[in-house]
Every structure is written in C-alpha cells, then in structure tokens.
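Here is a friendly walk through one protein, from its overall build down to a few individual residues. Have the viewer open as you read.

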Amino acid sequence: MNDTTQLPPLPDRLSIDPRSKFHVAAVFEHDIGINFNGKERNDVDEYCISEGWIKVPAGKALDRKGNPMLIKLKGTVEPFYR
C-alpha cells in the first residue's frame, strides 16, 4: 500500500458490528489494526480514541442474543492501516 491517499480517514469511534451506528463499511474494506497501550490487539470489537477505550470479548461468555459479552478497557488507543 504505497498510495495512502485512497484510504478513508479512521473515525474517532468505530465498531465491527454492522448494526451499530458507529460501523463504517468503507474502513473495513482495508486491513486495520489497533495499538492499545503500545501493544497491537487483534480482538477489538469497538474503540473510541477521544475517550480512550476499547471493547473486547470477555472469554467465551455470550449474551442472550448470542453475541459475545464485551468488557471495556481504558488506555491509549491508536488505530492504523496495515
């Protein structure tokens, strides 16, 4: 990916759930990564840069709709394109 002018800007808040109002399909056409507190995380479901948190699955627990239960972790969030 030498030409980064075609990549859409990463939003302040992004969710992988297509039902969420924070889901941006154009961003998911490209491979993105999340650095959280200086380490790359591969299990992030949602993030917010300005508030400084990510949501990740809490083990194998599921809610009543069959979606993974999420926990919120606070820290420094840095999304990037790979």
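Strands here are DSSP runs of E with at least two residues, numbered from the N terminus. With that in hand, Glu 46 can be placed in strand 4, which covers residues 46-48. Keep in mind throughout that this is a predicted model.

**The overall build**

The protein has seven strands and zero helices, and along the sequence this reads as β-β-β-β-β-β-β. Along the principal axes, the C-alpha atoms fill a box of roughly 45 × 25 × 20 Å. Of the 82 residues in the protein, 26% are buried. The accessible surface is about 5,700 Å², and carbon and sulfur atoms account for 51% of that area. Taking contacts between residues at least 6 apart in sequence, 48% join residues at least 24 apart. As for charge, there are 12 positive and 12 negative side chains, with the centres of the two sets 10 Å apart.

**The nonpolar core**

In soluble globular proteins, nonpolar side chains tend to be buried together. Which residues make up the largest nonpolar core here? The core has 10 residues in all: Leu 14, Val 27, Ile 32, Ile 34, Phe 36, Val 44, Tyr 47, Ile 54, Val 56 and Val 77. At least two of these residues come from strand 2 (32-36), and at least two from strand 5 (53-62). Strand 2 gives the most, with three residues.

Ile 34 is a good member of this core to click on. Beyond its neighbours within four places in sequence, Ile 34 is in contact with Val 44, Tyr 47, Ile 54 and Val 77, among others. Its contacts also include the charged residues Lys 39, Glu 40, Arg 41 and Glu 78, along with Pro 79 and Phe 80.

**Two residues to compare**

Is Glu 46 buried or exposed? Glu 46 counts as buried because its relative accessibility is 10%, and the cut-off for buried is under 20%. The side chains of Glu 46 and Arg 13 are joined by a polar contact of 2.9 Å. Leaving out residues up to four places away in sequence, Glu 46 touches residues including Leu 14, Ser 15, Phe 22 and Trp 53.

Asn 37 sits in the loop between strand 2 and strand 3 (39-41). Its phi is near 55 degrees, a positive value in a residue other than glycine. Asn 37 counts as partly exposed because its relative accessibility is 47%.

| Residue | Relative accessibility | Class |
|---|---|---|
| Glu 46 | 10% | buried |
| Asn 37 | 47% | partly exposed |

Methods
Residues are numbered from 1 along each chain as its sequence is written. This is a predicted model: local features need pLDDT of at least 70, side-chain atom pairs count only at pLDDT 80 or more; totals for chains, interfaces and linings use all residues. Side-chain values use heavy atoms; hydrogens and water are left out. Helices (H or I, at least four residues) and strands (E, at least two) are DSSP runs, numbered from the N terminus. Buried means under 20% relative accessible area, exposed over 50%, partly exposed in between (1.4 Å probe, protein chains only). A polar contact is a pair of N or O atoms within 3.5 Å; within protein, one must be able to donate a hydrogen and the other to accept it, and residues adjacent in sequence count only if both atoms are side-chain atoms. Contact means heavy atoms within 4.5 Å. Accessible areas come from the Shrake-Rupley method with a 1.4 Å probe; for residues, only the protein chains shown count as cover. The place of a charge is taken as NZ of Lys, CZ of Arg, CG of Asp or CD of Glu. A nonpolar core is a set of buried Ala, Val, Leu, Ile, Met, Phe, Trp, Tyr and Cys residues joined through side-chain atoms within 4.5 Å.
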